[in-house]
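Here is a quick tour for anyone meeting this protein for the first time. Have a look at the picture, then we'll walk through it piece by piece.

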Amino acid sequence: MNKSSATHANQPSPLLVPAGEDQFGEHRGLGISSISFKVTPQDSQDTLIIENTFREKGGPARHLHYDQDEWFYALEGEFIFEVGEDHFRLKPGDSLLAPRKVAHVWAYTGGISGRILIAFMPAGQMEAFFREVTKANAMPPQDPEVWKAHGMELVGPPLAVA
């Protein structure tokens, strides 16, 4: 092996995840939506990026992350957010950062479909949380213990979307 090959052998490989696909080729349902893992962490200090695709209005319960900042980037459709006391409406191309330890809640407000990228920095236990809750193909349960086990606190219901 020549020197340049040895250097390349020690570098991480690029990761291509095709449009509409999950990094592992798996389906992860949340009832009204589905998620695809786009970038998964090597350890809990890395970043997790998911794509959440909605077929119906709604979103998760109000919660906070003890150790993760959560970043949202709207790709398609409109979403409403509450982060702390602040209210936002995201349209395609808009992004929003919900800082750790600040309660937040969000929902897709309807239309044909909605898609949003979500990054968790650092990932913490978020990959394990999504692997667990998608087994039921329903929105995450409003069971405080499930959220707490993954570094979050459940602090209220989902947003009502007419």
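Let's start with one side chain: tryptophan 147 is buried, with a relative accessible area of 1%. Keep in mind that what you see is a predicted model.

Which ring does tryptophan 147 pair with? The partner is phenylalanine 129, and the two rings form a tilted aromatic pair, 5.2 Å centre to centre with 50 degrees between the planes. Phenylalanine 129 lies in helix H2 while tryptophan 147 lies in helix H3 (residues 144–148), so this pair ties together parts that are 18 residues apart in sequence. Phenylalanine 129 is buried too, at a relative accessible area of 2%.

**The overall layout**

Stepping back, the protein has three helices and eleven strands. Going along the sequence, their order reads α-β-β-β-β-β-β-β-β-β-β-α-α-β. The radius of gyration is 17 Å, close to the 15 Å that the globule rule gives for 162 residues, so the protein is as compact as a globular protein of that length. The C-alpha trace spans about 65 × 35 × 30 Å along its principal axes.

Buried residues account for 43% of the 162 residues. As for the outside, the accessible surface comes to about 8700 Å², and 52% of that belongs to carbon and sulfur atoms. Take the contacts between residues at least 6 apart in sequence: 64% of them join residues at least 24 apart.

**The core**

In soluble globular proteins, nonpolar side chains tend to be buried together. Here the largest nonpolar core has 30 residues, and Phe79 and Phe130 touch the most other members. Helix H2 (residues 126–133) supplies the largest share of this core, with four residues.

What does phenylalanine 130 touch, once its neighbours within four places in sequence are left aside? The list is Ile35, Phe37, Leu48, Ile50 and Phe120.

**More rings**

There are 13 aromatic pairs in the count. One of them is edge-to-face: phenylalanine 24 and phenylalanine 37, 6.4 Å centre to centre with 90 degrees between the planes. This pair links distant parts of the chain, with phenylalanine 24 in the loop between helix H1 (3–9) and strand S1 (28–29) and phenylalanine 37 in strand S2 (residues 33–39), 13 residues apart. The two partners sit in unlike surroundings: phenylalanine 24 is partly exposed, at 38% relative accessible area, whereas phenylalanine 37 is buried, at 0%.

Phenylalanine 24 has another partner as well. The charged end of arginine 131 sits over the ring of phenylalanine 24, 5.1 Å from its centre. Elsewhere, Phe54, Phe72, Phe79, Phe81, Trp106 and Tyr108 form one aromatic cluster. Phe79 is a name you've already met, as one of the two residues that touch the most other core members.

**Two serines in strand S2**

Strand S2 also holds serine 33 and serine 36. Serine 33 is buried, with a relative accessible area of 0%. Not counting residues up to four places away in sequence, serine 33 touches Asn52, Thr53, Phe54, Arg55 and Met139.

Serine 36 has 12% relative accessibility; that is under the 20% cut-off, so serine 36 counts as buried. With its neighbours within four places in sequence set aside, serine 36 is in contact with Glu21, Asp22, Ile49, Ile50 and Glu51. Ile50 is also in the contact list of phenylalanine 130.

How far apart in space are serine 33 and asparagine 137? They are 8.8 Å apart, C-alpha to C-alpha, although 104 residues separate them in sequence.

**Backbone oddities**

A cis peptide bond joins methionine 121 and proline 122, with omega at about -10 degrees. Proline 122 lies in the loop between strand S10 (114–121) and H2.

Two residues other than glycine have a positive phi, and here they are side by side:

| Residue | Phi | Relative accessible area |
|---|---|---|
| Lysine 101 | near 65 degrees | 58% |
| Asparagine 137 | near 50 degrees | 43% |

Lysine 101 is found in the loop between strand S8 (95–98) and strand S9 (104–108), and asparagine 137 is in the loop between H2 and H3. Are they buried or exposed? Lysine 101 counts as exposed, while asparagine 137 is partly exposed.

Conventions:
Residues numbered from 1 in each chain as written. Predicted model: local features only at pLDDT ≥ 70, side-chain atom pairs only at ≥ 80, totals over all residues. Heavy atoms only, no water. Core = buried A, V, L, I, M, F, W, Y, C linked by side-chain atoms within 4.5 Å. Buried < 20%, exposed > 50% of the residue type's maximum accessible area, 1.4 Å probe, protein only. Contact = heavy atoms within 4.5 Å. Phe/Tyr/Trp six-rings, centres within 6.5 Å; stacked < 30°, edge-to-face > 60°. Lys NZ or Arg CZ within 6 Å of the ring centre and 35° of its normal. Rg over C-alpha atoms; globule rule 2.2 N^0.38 Å. Areas by Shrake-Rupley, 256 points an atom, 1.4 Å probe, with all protein chains shown as cover.
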